[in-house]
Amino acid sequence: MRVLFFNHEQYTDFENEAGNIELRLPMLASGVITEFEDYGYQRIQNEQGFEAMIDGALTAVKRFQPNLVVNSTTWPHKSIPPGYIADIESWGYPVLSVFWDTIPDQAIAARFERPLFLASSYFCECGSFMGYARYRLWNEVLALGKKVIFLSGNNVLPEKFRPNGSPKTIDIGLIGSLYKVRIELLTYLNRALAERGVRVEHFGGHFNVERANAVDGRSAEWLDEAGYLDVLNSTKIILCPAGETGQWGVRGKIFEAMACGAFCLIERTPDTSMTIPAEAAATYSGHEECRAAILHYLDNEDERIRQAAAGYQWFNETYNSPVFWKGFLTGHLAGQRAEQRAGQSEFPSAPFVEHNYGVLRDKFTEALGGRAPTPELMAGMNFEV
């Protein structure tokens with residue numbers, strides 16, 4: 001199978017981007033891809049301009065003639081616009097478009113995210129259950145004949161993320177970029193926990209919004225792979241808050257931490273609740289509940305160890321990224337697009353996710369009340385499980 005990767009470089013060199021670590025490498029590990037090429041579209045745009053980026057992308061498709069184009073998106077203004085993806089599709093080259101974050105600004109979503117969904121044969125939502133459910137339901141109800149997939153825990157390359165037996169020398173660690181809401185949480189916790197001599201330590205991330213806008217690039221202390229794995233394996237409690245307000249998602253590092261056997265304390269949101277079962281991870285809602293949970297699990301080591309083991313077991317029983325991509329890619333090679341036209345549009349997610357999607361689909365059908373669904377209705381739908 002021949003695959004052409006459209007690679008982003010949102011914050012750092014591509015080798016350290018999520019598009020490589022959480023998508024490209026697991027796809028290559030599936031064993032199905034026999035030939036591949038990389039086209040770093042964002043680097044070309046940054047160095048040579050928009051027209052050079054588009055010309056290079058279209059030329060690469062025509063020259064390589066791939067069985068599949070994997071379009072890993074970045075900021076809307078830096079990504080390949082939907083119209084050019086539609087052109088590639090019209091030439092007979094199927095495109096898998098990948099979204100790393102649901103766009104909270106619905107005006108931007110209407111200009112970029114939704115047209116890209118409509119332009120692509122395949123659409124992958126990486127972290128938001130609600131985003132995945134929205135587009136899968138849209139696809140099914142309107143019989144668009146696409147495949148909508150949820151990356152979720154299939155972002156983890158098994159050979160990279162696993163327990164290494166390191167002693168737990170760090171009490172609480174928060175890994176990742178510093179959005180305003182995370183800064184507020186850190187400030188509160190470190191004041192509230194000071195009397196116990198406990199501190200939440202922050203590691204890594206791409207940006208700190210107090211230093212620069214998130215779009216401006218790296219403004220935080222980036223952790224290399226070795227440092228990142230060391231923190232995951234050496235920390236008693238990995239604190240996993242949501243990101244930007246209204247843009248919850250389920251961060252890939254949650255699953256990377258679980259794969260390392262780490263204990264995760266995760267902020268409860270509709271996305272996390274629909275993706276990770278209650279028995280697999282400890283959760284909190286709000287600053288005070290987070291503080292109380294931290295103290296509880298620091299004081300109850302046996303319970304914390306049991307919970308970490310439950311998360312590790314659930315993850316390993318549920319996810320295997322090379323197997324996931326092998327199923328997707330072999331299905332594509334076997335002519336899955338013809339099956340889609342016959343109505344088989346699902347590519348099943350993990351059992352817990354699949355159950356919750358079924359619940360949401362039933363609620364939406366009930367809410368329709370016999371009304372005929374339209375593209376306008378599907379674009380504007382707002383639902384909760």
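Select Asn 71 first: this residue is buried, at a relative accessible area of 1%. The model is predicted, so treat each stop as a feature of a computed structure.

**Stop 1: around Asn 71**

Asn 71 belongs to strand 3, which spans residues 68-72. Show its side chain together with that of Ser 97. A polar contact of 3.2 Å joins the two side chains. Now display the surroundings of Asn 71. Leaving aside neighbours within four places in sequence, its contacts are Phe 6, Ile 85, Val 95, Leu 96, Ser 97, Val 98 and Leu 116. Why does Asn 71 count as buried? Its relative accessible area is 1%, and buried means under 20%.

**Stop 2: from Phe 6 to Tyr 39**

Keep Phe 6 from the contact list of Asn 71 and add Tyr 39. The structure holds 23 aromatic pairs. One of them is Phe 6 with Tyr 39, an edge-to-face pair with 5.9 Å between centres and 65° between planes. The pair links distant parts of the chain. Phe 6 sits in strand 1 (residues 2-6) and Tyr 39 in strand 2 (residues 35-39), 33 residues apart. Are these two residues buried or exposed? Both Phe 6 and Tyr 39 are buried.

**Stop 3: helix 4 against helix 5**

Two other contacts of Asn 71, Ile 85 and Leu 116, lead to the next selection. Pick helix 4 (residues 82-90) and helix 5 (residues 106-119). Their axes come within 9 Å and cross at roughly 5°. That crossing makes helix 4 roughly parallel to helix 5. Which residues meet here? From helix 4, select Pro 82, Ile 85, Ala 86 and Glu 89. From helix 5, select Arg 111, Phe 112, Pro 115, Leu 116 and Ala 119.

**Stop 4: an aromatic cluster and two charges**

Hold on to Phe 112, one of the helix 5 residues that meet helix 4. Phe 112 also takes part in an aromatic cluster with Phe 99, Phe 117, Phe 123, Tyr 135 and Trp 138. Stay on Phe 117 and bring in Lys 146. Lys 146 lies over the face of Phe 117, at 5.9 Å from the ring centre. Then select Arg 136 and Tyr 357. The charged end of Arg 136 sits over the ring of Tyr 357, 4.0 Å from the ring centre.

**Stop 5: two backbone angles**

Colour by phi and go to Gln 65. Its phi is positive, about 50°, although Gln 65 is not a glycine. Gln 65 lies in the loop between helix 3 (50-64) and strand 3. With 48% relative accessibility, Gln 65 counts as partly exposed.

Go on to Ala 143. This residue, not a glycine either, has a positive phi of about 50°. Where is Ala 143? It lies in the loop between helix 6 (129-141) and strand 6 (147-150). Ala 143 is exposed, with a relative accessible area of 64%.

**Stop 6: Trp 222**

Finish at Trp 222, in the loop between strand 8 (200-203) and helix 8 (225-234). Trp 222 is partly exposed, with 31% relative accessible area. Which residues does Trp 222 touch? Not counting residues up to four places away in sequence, Trp 222 touches Asn 16, Gly 204, Gly 205 and His 206. Last, draw a distance from Trp 222 to Phe 328. C-alpha to C-alpha, the two are 33 Å apart in space, and 106 residues apart in sequence.

Terms used. Residues numbered from 1 in each chain as written. Predicted model: local features only at pLDDT ≥ 70, side-chain atom pairs only at ≥ 80, totals over all residues. Heavy atoms only, no water. Helix = DSSP H or I, 4+ residues; strand = E, 2+ residues; numbered from the N terminus. Buried < 20%, exposed > 50% of the residue type's maximum accessible area, 1.4 Å probe, protein only. Polar contact = N/O pair within 3.5 Å; in protein donor to acceptor, adjacent residues only side chain to side chain. Contact = heavy atoms within 4.5 Å. Phe/Tyr/Trp six-rings, centres within 6.5 Å; stacked < 30°, edge-to-face > 60°. Lys NZ or Arg CZ within 6 Å of the ring centre and 35° of its normal. Axes fitted to C-alpha atoms, helices over the stretch in contact; angles between N-to-C directions. Parallel < 35°, antiparallel > 145°, perpendicular 65-115°, else oblique.
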